[in-house]
Amino acid sequence: DRVVVVGSWDGRVYALDLATGRERWVHRTIGDTLDSNKFGYDRRALQSSPAISNGRVFVGSRDGGLYALDFKTGERLWRASHRGSWVVGSPTVQDSTVYVGSSDGQFMQAVEAATGKERWQFPTGANVLSSPVLVRGMVIVGTEANDAPWGDLLAFDAGSGRLRWRLRMEEALYGSPVAVDSV
């Protein structure tokens with residue numbers, strides 16, 4: 001629909017006309033109202049890139065939530081709480097499921113795209129700062145241990161959340177994995 005959607009450090013999601021840059025709508029997250037100075041760290045920013053699917057915009061926030069917004073209006077449809085943990089990785093959407101990791105909450109999660117209701121959650125034992133990739137029925141994501149130098153590359157069954165494999169790395173994984181079937 002010739003729209004650019006982006007989250008900002010100010011705790012807002014903007015939808016802009018692609019041709020003119022004119023603002024179509026702005027959504028103010030809960031982080032928009034938070035005073036980060038009271039926490040001692042940022043609680044406003046949206047580092048996550050939005051994912052758009054079936055008329056919805058999905059985006060994570062450092063206010064501790066995963067948001068679903070109406071693509072046309074920016075109206076909040078639901079907010080899934082990560083209980084104060086940053087959601088900095090970008091969500092991935094397939095069919096009727098949204099996949100995203102939680103930073104200090106240290107889990108990977110799948111929620112219903114229509115309602116935000118949790119389908120599964122897997123405790124990672126490390127921060128999930130990267131964005132997941134979906135390939136061949138698997139969700140693959142990297143982690144960062146906050147008390148050690150290592151990270152894991154994890155592969156989950158997309159439907160059940162069962163861990164399929166884990167590769168321990170000597171350093172943290174902040175970047176997002178990419179999968180290719182053929183070159």
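R83 sits in the loop that links β7 (76-81) to β8 (92-94), where helices (H or I, at least four residues) and strands (E, at least two) are DSSP runs numbered from the N terminus. The model is a predicted one, in which local features need pLDDT of at least 70 and side-chain atom pairs count only at pLDDT 80 or more, while totals for chains, interfaces and linings use all residues. Residues are numbered from 1 along each chain as its sequence is written, and side-chain values use heavy atoms, with hydrogens and water left out.

With a relative accessibility of 61%, R83 counts as exposed; here buried means under 20% relative accessible area, exposed over 50%, and partly exposed in between (1.4 Å probe, protein chains only). Leaving aside neighbours within four places in sequence, R83 is in contact with G64, F107 and Q121, contact being defined as heavy atoms within 4.5 Å. A179 lies 96 residues from R83 along the chain, and the C-alpha atoms of the two are separated by 31 Å.

Turning to the overall fold, the protein has one helix and 15 strands. Its radius of gyration is 16 Å, close to the 16 Å that the globule rule gives for 183 residues, so the protein is as compact as a globular protein of that length. This radius is taken over C-alpha atoms, and the rule is 2.2 Å times the number of residues to the power 0.38. The C-alpha trace spans about 45 × 45 × 30 Å along its principal axes. Of the 183 residues, 49% are buried, and among contacts with a separation of 6 or more, 38% join residues 24 or more positions apart. The accessible surface comes to about 9100 Å², with 48% belonging to carbon and sulfur atoms; these areas come from the Shrake-Rupley method with a 1.4 Å probe, and for residues only the protein chains shown count as cover.

The interior can be described through its largest nonpolar core, which is made up of eleven residues: Y99, M108, A110, W120, F122, V128, V139, V141, L154, F156 and A158. Such a core is a set of buried Ala, Val, Leu, Ile, Met, Phe, Trp, Tyr and Cys residues joined through side-chain atoms within 4.5 Å. Two or more residues come from each of β10, β11 (118-123), β13 and β14 (151-157). Apart from neighbours within four places in sequence, the contacts of the core residue W120 include Y99, M108, A110, F156 and A158.

Strand β11 also holds E118 and R119. Both are partly exposed, E118 with a relative accessible area of 39% and R119 with 40%. Beyond neighbours within four places in sequence, E118 touches Q109, A110 and V111, whereas the corresponding contacts of R119 are S96, T97, A110, V111 and E112. From C-alpha to C-alpha, E118 is 23 Å from V13, at a sequence distance of 105 residues. R119 is 34 Å from E23, with their positions 96 residues apart in sequence.

Two loop residues deserve a mention for their backbone angles. Q106 is not a glycine, yet has a positive phi of about 55°; Q106 is placed in the loop between β9 (97-102) and β10 (107-112). R136, likewise not a glycine, has a positive phi of about 50° and is found in the loop between β12 (133-135) and β13 (138-142). The relative accessible area of R136 is 64%, making this residue exposed.
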